Amino acid sequence: MKPAPFEYVRIDHPDELSALLTEHGPEAAVLAGGQSLMPILNLRLRRPRVLLDLSRCRALHDLTPTSGGLQIGAAVTQATVLSWPRLAHQVPLLALALPHVGNPQIRSRGTLCGSLAHAHPQAELPLCLAALDGEIVLRSQRGERRIAAADFFIAAQKTACRPDEYIAQAHIPCQSIDEGSAFLEVAVRVTGQAQVACAAIAGPHRLRLAVLAGQATPQVHDYPLLPEADLRDQLDIIARSLALSCASADDDAYRRQLVVSLGLNALKQAQRARDRRAAVDAQIMEHRR
Amino acid sequence: MSERASRFGPSAGTRVEDAALLCGRGQFADDLGCKPGTLHAAILRSSHAHARLRGVDVSAAERAVGVRAVLTADDVTRWSRPLLAALRVPVLQPVLAKDAVHYVGEPLAVVLAENRYLAEDALEAIRVEYEPLPPVLDIAQALTLDGPRAHADLAQNIVSDRSYCYGDPDAALAAASHRVRLQIAYPRNTATPLECGVVVAEHFPDGNGGHGAYEVMSNFTGPMSLHAVMAMALQVPESHLRLRFPRDVGGSFGTKQSLFSAIVLLCLAARKAGAPVKWVEDRREHMTAATSATARRSHIEAAVQDDGRIAALSFDQIDDVGAYLRAPEPATFYRMHGCLTGAYAIQHLRVRNRVVLTNKTPTGLVRGFGGPQVYFALERLVQRIAVQLGLDPLDVYRRNFIAKDAFPYRAAAGALIDSGDYAATLAVALQAADITALRDRQRQARSEGRLYGIGFAAVVEPSISNMGYVTAALTAEQRAHAGPKQGALAAATVQIDPLGGITVGIDSMPAGQGHRTVCAQRVAAVFGLAPGDIVVNSELDTQKDAWSIAAGNYSCRFAGAVAGAVQIAAQRLRDRVAQHCADLLGCAPQDVVFAAGSLHARGQPEHILPLARVLSGPHWAPALSTEAGPPPLRETVFFTPETLHAPSSDDRVNASATYGFVFDLCALEIDRTTGRVYIDRYVTAHDAGRLLHPALADGQVRGGFAQALGAALSEELRYDGQGRFASQTLSDYLLPTCLDVPAPIIVHTQTPSPFTPLGAKGIGEGNSMSTPVCIANAVADALSSLPQSEHCQDLRLPLTPATVLALVAGGQGQAATGTVAVQTGKIR
């Protein structure tokens with residue numbers, strides 16, 4: 001379990017990264033926290049000629065609140081995002097989901113953008129980005145482009161990022177104050193890979209459910225406010241239509257079953273969270289009067 | 001012997017090992033320096049489960065950067081013989097595959113390069129041409145008459161088929177008012193030490209009178225009977241295969257037994273390279289190709305009376321030992337053979353044991369060795385007996401237990417169960433669990449539609465293996481021909497240095513258990529010193545230290561045998577010292593008192609001699625003390641329990657010297673939405689005889705419990721339909737993390753063993769035997785409140801959420817693929 005030979009370059013400036021990616025293209029790999037890439041290298045599943053380590057590039061370490069959301073630089077670790085004081089207020093879904101990503105050791109090295117870049121079908125962060133209508137900023141010497149999550153994740157471990165591009169930052173819109181969120185996950189172990197995860201957002205007029213159940217890319221479904229029985233029907237449709245190919249048929253069946261029960265629970269929890277939030281707001285308004 | 005508290009007490013105190021281990025100053029095999037010029041080995045392994053080898057072309061690898069040599073099957077054939085097996089079998093294992101490969105991970109060639117990176121790079125330059133053959137992937141397939149063979153030239157996959165009969169089981173079964181049967185499967189799993197294998201080998205062409213000799217440093221942990229197998233494979237006398245061991249081993253749980261074939265391989269690699277070579281097993285190699293517990297299929301049946309008393313048992317067991325019958329297999333069967341009747345007084349027993357080869361990794365020692373397989377069948381059966389007869393399982397236990405006044409008890413198949421009070425241990429467990437409250441909680445949960453179950457398991461935990469037990473697999477005639485094998489020698493040496501310091505040597509390689517702590521405490525107590533005054537060295541050297549075939553760290557032989565040998569050696573040396581200094585004190589030798597670092601005559605504590613001065617005396621002035629025999633400077637003791645005889649002519653075998661007892665209780669809830677199992681309370685009650693160090697004993701229980709929980713809920717070595725291995729990394733083989741393991745409530749009773757010097761028995765393997773089946777019994781109990789619970793009795797490990805949810809669906813009378821009603825149980 002030793003990686004194939006590679007050249008290592010420590011990146012100090014983003015321009016350097018763009019230049020080297022233009023030069024080496026598909027033969028380069030971008031290293032940030034290494035929590036996905038290093039095992040892949042050690043198992044020789046990828047054998048890049050050049051490893052471009054951006055983890056110490058100052059310019060990519062920014063976590064910036066903007067008017068509409070949160071900009072997260074390529075080198076920002078998951079632990080940093082999770083410890084951002086306003087996270088639970090501005091993007092509650094992410095605050096609920098991040099504790100399910102790996103464990104504290106992994107989050108302290110792993111980056112949010114790195115997880116998006118690897119697009120593992122069982123990873124929580126691509127699911128959240130899709131649920132939140134997040135965007136990804138891809139940068140190369142040709143310039144920058146902003147791409148929506150829905151267009152970014154193409155297949156399992158395959159994204160729209162071209163060989164000369166890197167993820168410069170992720171943009172995550174703030175959630176509206178009248179929304180409630182829930183994130184539920186089932187894994188064999190407490191900190192293991194998710195077998196099924198469901199991210200739910202409940203607004204005053206609509207519901208959203210993003211599902212990860214072993215299919216290639218995250219799926220997002222929007223519904224009007226439906227009674228529970230109708231939601232269950234909708235979830236049955238999702239469960240049946242999931243394109244799964246697990247190691248065993250038993251796992252397939254299990255995931256389909258869980259999508260329904262977990263999805264429904266997530267939607268219910270999100271609505272309760274929304275109602276609680278509204279109740280608190282009403283109290284505050286009352287108080288102010 | 002006096003056992004005073006604190007400084008001089010033998011039973012408490014911190015581990016002498018911990019400061020170094022916790023500060024990163026352990027000395028593990030990979031930490032030890034190598035000679036300059038040592039090469040690093042990487043092993044090319046088969047990617048096929050079963051294939052003919054059309055060619056292995058290493059020429060490009062030989063020319064690769066940094067490569068010094070490549071060991072091939074031709075070298076292996078030239079310089080060695082295949083590994084001997086415990087039985088006469090049609091196929092023996094070569095250390096490199098030659099004409100065909102028989103499991104994924106089987107070694108094909110070894111590259112020796114300047115570093116491991118270059119060695120692995122060169123592996124990719126080796127071209128192997130495979131001609132795939134149909135693989136044998138499970139026991140059922142192995143038994144088919146017209147199916148594939150694990151080796152193309154085998155007439156059949158069954159390599160051993162023995163039947164045994166004790167008492168009159170047929171009559172008892174025919175006369176029984178109830179017959180309870182169960183078909184059980186136990187999966188392949190393993191014990192996953194933190195540290196993988198390490199071998200550093202060197203060949204000395206001038207040794208052995210010019211025939212060549214080998215020296216090895218490895219974290220192999222025995223049994224050292226395998227040293228003979230290695231020497232014979234290498235075609236050298238045992239004295240010319242020198243084996244040395246590091247101070248620390250990062251866990252073994254038996255699995256490092258499997259390193260013996262790698263030791264032979266690396267010796268040959270060193271010979272090819274003409275340089276010392278080092279190989280560090282990586283996690284993928286360890287998971288794929290090191291070892292596995294045997295998978296087993298058992299058909300078990302009991303003749304049961306109306307009150308739940310079991311009159312007879314019948315076992316029909318089939319073990320999958322993988323591609324080769326690797327020594328000491330089929331020991332998985334025979335370690336447990338004498339005590340197949342478990343904790344119960346059952347005198348009629350019928351057994352059929354078959355061993356099949358499959359195209360999977362060869363099996364071997366894994367914590368619990370043989371116990372998990374037996375008890376998964378036997379203890380599930382006891383649960384079924386209670387359900388089928390409408391009895392309280394606790395009554396079934398109490399009615400069948402060996403009575404406390406029956407010890408030492410000769411079990412039907414020959415185990416001489418030394419001591420115990422099973423009903424008392426059960427009572428202690430129930431009290432610790434507060435069983436009444438748990439049953440109330442269960443009633444309450446069930447009334448709310450929740451799935452809450454309580455399970456039990458009673459196991460007899462053998463320790464200190466009889467070196468002759470595997471021969472129970474032979475017929476009596478074959479045994480007579482081969483000559484008797486029995487006993488379990490443990491060796492210990494206590495010696496005194498020229499300033500009176502005391503050093504202890506043992507023939508067990510501790511893998512974290514704290515052997516050095518216990519030995520220091522025993523010896524310190526004998527000489528009236530503090531444990532910190534005693535040095536314990538466990539770095540065995542086969543050319544310098546005392547050892548025999550039973551040496552090693554396995555079968556929980558330490559507490560009962562090794563610590564006992566240490567105790568005897570220390571006492572003998574003390575008695576000889578007393579003999580020599582009695583004149584100085586003007587008293588009889590038996591009246592010399594060793595206390596607080598000095599000596600005095602009994603009743604005259606005011607006249608003391610400093611101990612160090614007395615102890616060191618013979619080094620400086622041996623002539624002064626020779627009158628009373630050789631100077632008392634060193635004492636080596638070989639101890640073997642007297643009760644370990646060779647198997648009898650009627651196939652009865654006492655496979656172990658001591659038999660501890662474990663009674664477990666598990667209360668759990670199944671989440672109906674996810675199928676996850678949540679343990680509400682787990683009590684494990686042990687009787688391991690006299691406890692030498694309670695904290696270390698509890699540590700063994702905690703670790704065993706965590707591993708057993710993994711075996712119960714998440715761990716399995718999986719293969720796909722082509723025999724490709726699917727559990728290569730720790731993200732595929734799911735070990736429980738600290739967040740997944742609840743703290744068990746541990747309680748002890750102590751009935752000392754009459755057969756070991758300190759009355760101690762092993763305690764490290766009990767939970768590997770009891771916990772998986774206890775959890776399964778609790779799951780079965782939880783599912784029993786479902787309307788069609790008969791559909792969910794076929795419990796297979798691991799009980800993953802998916803498996804459990806399918807059982808829940810089956811119990812509700814639904815196809816497992818349908819959707820279930822959402823009823824989230826309240827889970828604490």
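Which residues have the most contacts inside the largest nonpolar core? They are Ala41(B), Val111(B), Ile263(B), Leu266(B), Ala269(B), Val523(B) and Val779(B). The core has 324 residues. Its largest share, 15 residues, comes from helix H17 of chain B, residues 557–585. The model is predicted.

**Cores**

Val111(B) shows the packing from one residue's side. Leaving aside residues up to four places away in sequence, Val111(B) touches Ala41(B), Ala42(B), Ala61(B), Val67(B), Val70(B), Ala119(B), Ala122(B) and Leu123(B). Ala41(B) is itself one of the residues with the most contacts inside the core. A second core is separate and has 18 residues. Tyr103(B), Ala150(B), Leu325(B) and Tyr719(B) are among them. In soluble globular proteins, nonpolar side chains tend to be buried together.

**Chain A**

Chain A holds eleven helices and 14 strands. Its radius of gyration is 20 Å, and the globule rule gives 19 Å for 289 residues, so chain A is as compact as a globular protein of that length. The C-alpha trace spans about 60 × 55 × 35 Å along its principal axes. Of the 289 residues in chain A, 44% are buried. Among contacts in chain A between residues at least 6 apart in sequence, 66% join residues at least 24 apart.

The domain assignment splits chain A into domain 1 (7–173) and domain 2 (180–282). Their centres, taken over C-alpha atoms, are separated by 25 Å. The contact takes 18 residues from domain 1 of chain A and 19 residues from domain 2 of chain A. On the domain 1 side, helix H5 (92–97), helix H8 (124–131) and strand E8 (153–155) of chain A each supply at least two residues. H8(A) gives the largest share of that side, six residues.

**Contact between the chains**

Chain A meets chain B through 24 residues, against 28 residues of chain B. On the chain A side, helix H10 (228–241) and helix H11 (249–288) each supply at least two residues. The largest share of that side, ten residues, comes from H11(A).

The table sets out two contact sides by class.

| Side | Nonpolar | Polar | Charged |
|---|---|---|---|
| Chain A, touching chain B | 13 residues | six residues | five residues |
| Domain 1 of chain A, touching domain 2 of chain A | 13 residues | four residues | one residue |

How values were computed: Residues numbered from 1 in each chain as written. Chains lettered and ligands numbered in written order. Predicted model: local features only at pLDDT ≥ 70, side-chain atom pairs only at ≥ 80, totals over all residues. Core = buried A, V, L, I, M, F, W, Y, C linked by C-beta atoms within 7 Å. Buried ≥ 20, exposed ≤ 12 C-beta atoms within 10 Å, placed from the backbone. Helix = DSSP H or I, 4+ residues; strand = E, 2+ residues; numbered from the N terminus. Contact = placed C-beta atoms within 7 Å. Nonpolar A, V, L, I, M, F, W, Y, C, P; charged D, E, K, R; others polar. Rg over C-alpha atoms; globule rule 2.2 N^0.38 Å. Domains from an automatic or database assignment.
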